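Here's an informal walk through a protein, for anyone meeting it for the first time. Have a look at the model, and then we'll go through its parts together.

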Amino acid sequence: MKYSFHTNKKMTTLSKPLRNCFYLYGNCYNFKCILQNNQPEPAEWRRTLSTRSDHDVMGRKRILSGMRPTGKLHLGHYTGALENWVERQNELDASGNRMYETYFLIADYHSLTTSLETDDIFSFTIDMVTDWLAAGIDPEKSPIFRQSQVKEHAELFLICSMLITASRLERNPTLKDQVRDLNMAAVSYGHLGYPVLQAADILLYKGNIVPVGEDQLPHVEITREIARRFNKQYQHPLNGDVFEEPEPKITRFSRLAGLDGKMKMSKSLGNTMLLCDSPEDVQNKLRKAVTDTEKIRKNDPGRPEVCTVFSYHQRFSTPDSVAEIERDCRSGALGCVDCKKRCSAAISRELSPILEKRAEYAASPGSVKDILLEGEHYARKAADQTMREVREAMQLG
Ligand code: TRP
């Protein structure tokens, strides 16, 4: 009875929302047939469709990024990711409003791709999140949450896994590098699906911008392909495309060389300086850092372009001292011992407020756990909204 007027009107004369309703009910429940029979609409069918959830009321773009829980962070994590996350979180537009919504995820399921050992995952998570907070991630602005605590990640992962071929995943260069670096004898089904899980992480929160290191670019590309494929296959009756293709954002200081002079600072290579290292730790570690191997005596002329310590100066010292250090190293006026002392001071100057804040959080690890629980509560709501849209588009449920 209620909807009998539909039958008297052509679809094209209905307003857009009504037309969309008609499509949905028509598709899902054979609405036309019900209308013809003039049956009253069962109460449980009176559902409202989800509206788009890409942007908040301010129309802000959403930034989503994440890290695997590897414990205490090193300076490479800081310059390559964390510092940038904090800047984006605090960036304001001309009217003083935040430019972006920011979501930061702890990819604990991703950790299982390279190790099934889970004893340390929780403590590594707390250590890592403590560093995030110390470096300036503000839980009032950015939800911080564990992938494993929001079940929708697994659900969307499953759907995404149908939208990409196995051969496409086998071509993923990041996977090939990982297999080679870790000497892996075989790749699990889940490891092959690493980028698919990452795609689910991004799409679940409709992340528009994904700040990542270079090695993660292929994963964002796969995410874009999955989003495209989904939109091509399924359209939401009200909103059309469910997903936007996210943009990767490479950070400027993507790589920080290791203390041993290797290309990359990395826990597995044992060549790191930690974000929580005290000024003494920083000094001791730098003392052993590799410099220009041809500068043997203090007054030998050096080559800053091949020196790891100089690369740290470029990041942590002021432009004036970088210029001075470069000049004096080349001329032989500056020896490595003094140069390293100056570098330690520059690094510790930057780390000092982080250390202080870290100590506060470390004194009450319960507060870090509470921050996670709150972030997860918030994230679940956003994830639930997206999954509703996904199911509506797929006509599931
Ligand atoms: N794969 C990322 C890394 O190892 C971590 C990650 C998981 C991530 N999910 C993500 C990064 C979503 C950005 C967006 O660094």
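Before we look at the ligand, a word on classes: Ala, Val, Leu, Ile, Met, Phe, Trp, Tyr, Cys and Pro count as nonpolar, Asp, Glu, Lys and Arg as charged, and the others, Gly among them, as polar. Sorted that way, the shell around the ligand holds 7 nonpolar, 5 polar and 2 charged residues. Keep in mind that this is a predicted model.

Who sits around the ligand? Of the 14 residues there, the ones that come nearest are Ser 65, Gly 66, Ala 107, Gln 198 and Asp 201. Strand 1 (61-67), helix 11 and strand 4 (209-212) each supply at least two residues of this shell, and strand 1 gives the most, with 4 residues.

Now step back to the whole protein. It has 17 helices and 5 strands, and 36% of its 397 residues count as buried. Among contacts with a separation of 6 or more, 76% join residues 24 or more positions apart.

The largest nonpolar core has 79 residues, and those with the most contacts inside it are Trp 132, Ala 199, Ala 200, Leu 203 and Val 309. Helix 11 (residues 194-204) gives the most to this core, with 8 residues. Where does the core lie? Domain 2 (61-256 + 365-394) and domain 3 (267-363) both give residues to it, so the core lies between them. As for Trp 132, leaving aside its neighbours within four places in sequence, it is in contact with Leu 82, Phe 104, Ile 137 and Ile 144.

Leu 82 is also one of the buried residues of helix 4, along with others including His 77, Tyr 78 and Trp 85. That helix (residues 75-90) has a kink of about 40 degrees, centred on Ala 81. Its buried residues are covered by elements that include strand 1, strand 2 (100-106), helix 6 (121-135), strand 4 and helix 14 (308-316).

Finally, a look at backbone angles. Most residues other than glycine have a negative phi, but here are two with a positive value:

| Residue | Phi | Location |
|---|---|---|
| Lys 206 | near 50 degrees | loop between helix 11 and strand 4 |
| Gln 395 | near 55 degrees | segment after helix 17 (365-394) |

Are these residues buried or exposed? Lys 206 counts as buried because it has 24 C-beta neighbours inside 10 Å, whereas Gln 395, with 12 other C-beta atoms within 10 Å, is exposed.

Notes. Residues numbered from 1 in each chain as written. Predicted model: local features only at pLDDT ≥ 70, side-chain atom pairs only at ≥ 80, totals over all residues. Core = buried A, V, L, I, M, F, W, Y, C linked by C-beta atoms within 7 Å. Buried ≥ 20, exposed ≤ 12 C-beta atoms within 10 Å, placed from the backbone. Domains from an automatic or database assignment. Contact = placed C-beta atoms within 7 Å. Near = placed C-beta within 6 Å. Bend = angle between axes of the 7 residues up to and from the residue.
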